[in-house]
Every structure is written in C-alpha cells, then in structure tokens.
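Reader: I'd like a close look at one part of this model, a pair of helices and how they pack. Could you walk me through it, and then add whatever else is worth a glance?

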Amino acid sequence: MNALDYLSELEQEFVSTGHLLEALPEDRLTFKPHEKAMSLGQLALHVASLVGRNLQFAKDGQVETTVIVHHPVPENKQEILLAFEKSQKSARSILENENNLWLTKDWNLLRTQTPIATMPSSSFIRTFVLNHLYHHRGELATYLRILNVQLPSIYGPTADVNPFA
C-alpha cells in the first residue's frame, strides 16, 4: 500500500472513532472494568492519539520501548477530543507528504538504543497503527457498553443506533 491508500482507510476510521470518543461520559473517565485495565480516560486518550503518534514512529523509523508503552491519564474529555484532532492532522500531514521514502524502509523497536525488533514500515503501519486502532477501539466500545452508554455505529447498526433506519 502507498501512503494515500493508508490515508483513505484512516479517513473512514476517523469518522467512527470520533463518534465513539464523543460518546465518552466525562464523569466516568476513571472507570476501570478490571484492576489491570487502563482507565476509560487512558484508553480513550490512547485511541485518540495513537494514529498520529504511531505514524510518526513509523516515519522516524524507530521508537524506544519506554515511549511506546506510555499511557498518560487525561484531565478531561476535552483533552481527549483535542488529542484526536491533533492526531488526525498529524496523520494527514505525514501521509500526504510527497516524500514518503520512509515507507520503503525498516522500522525498529529499540531498548536503550539497541534494536530488539525490526519489521518493514508497511508491517508496522498495518499492525501498530491500523490493527492497533481497531483493537483498542473495540475495547473502548466494550467499556462504554459496560457503562450503559449509547453506542454509535462503527461499521453498521449497534443495539442503540441504526444508521440505515
């Protein structure tokens, strides 16, 4: 895939991701379905920022393990929504750039500047941008369902919303 193919896929995903983030209950951002789970706010901020953040890692060709696993706690819903706007702008800027030679190179996961995993940038994007978004967005929908929040359509009707009706 080329950069514009990735962007085309992401543009569709930004819509449903935005609807899900809009549904966040501001007063439940500290909710955790399990003691080992991220809080709703952490997970939502991760979903909101991961596309732009991880595409930048892909473009940079590397990232440290300590950076990739950092999940900050947001102050409020507005911080999450702003992070999502920033992530979309960053993703568009990276993928619309005419110089995308980085897509033909390998990407490295580093531990104290030593590569511990290497893969083609295209594999990194599929796994750690696209699939990663889908995975965590599914988790986020589950959190919202547990909290009895009306779920927006993601790929079609939910028990709460039918975009075809």
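Author: Helices α2 and α4 run roughly parallel to each other, because their axes cross at roughly 20 degrees and angles under 35 degrees count as roughly parallel. This is a predicted model, by the way. α2 covers residues 40-60 and α4 covers residues 77-96, and the two axes come within 9 Å. The crossing of this pair is left-handed. As for who meets whom, α2 brings a list that includes Gly41, Ala44, Leu45, Ala48, Leu55 and Lys59, while the α4 side includes Glu79, Ile80, Ala83, Phe84, Ile94 and Leu95. Sorted by class, that contact has 12 nonpolar, six polar and two charged residues.

Now for another pair, α1 and α5. Their axes come within 11 Å and also cross at roughly 20 degrees, so these two are roughly parallel to each other as well. α1 passes α5 in a left-handed crossing. Among the residues meeting there are Tyr6, Leu10, Glu13 and Leu20 from α1, and Ile125, Leu133, Tyr134 and Arg137 from α5. By class, the contact of α1 with α5 has 11 nonpolar, three polar and four charged residues.

Glu13 deserves a zoom. This residue sits in α1, which spans residues 3-22, and with a relative accessible area of 6% it counts as buried. Leaving out residues up to four places away in sequence, Glu13 touches Leu133, Tyr134, Arg137 and Tyr155. With Tyr155 there is also a polar contact, side chain to side chain, at 2.9 Å.

Methods
Residues are numbered from 1 along each chain as its sequence is written. This is a predicted model: local features need pLDDT of at least 70, side-chain atom pairs count only at pLDDT 80 or more; totals for chains, interfaces and linings use all residues. Side-chain values use heavy atoms; hydrogens and water are left out. Helices (H or I, at least four residues) and strands (E, at least two) are DSSP runs, numbered from the N terminus. Buried means under 20% relative accessible area, exposed over 50%, partly exposed in between (1.4 Å probe, protein chains only). A polar contact is a pair of N or O atoms within 3.5 Å; within protein, one must be able to donate a hydrogen and the other to accept it, and residues adjacent in sequence count only if both atoms are side-chain atoms. Contact means heavy atoms within 4.5 Å. Axes are lines fitted to C-alpha atoms, for helices over the stretch in contact, and angles run from 0 to 180 degrees between N-to-C directions. Angles under 35 degrees count as roughly parallel, over 145 as roughly antiparallel, 65 to 115 as roughly perpendicular and the rest as oblique. A crossing is left-handed if the near helix is turned anticlockwise from the far one by less than a right angle, and right-handed if clockwise. Ala, Val, Leu, Ile, Met, Phe, Trp, Tyr, Cys and Pro count as nonpolar, Asp, Glu, Lys and Arg as charged, and the others, Gly among them, as polar.
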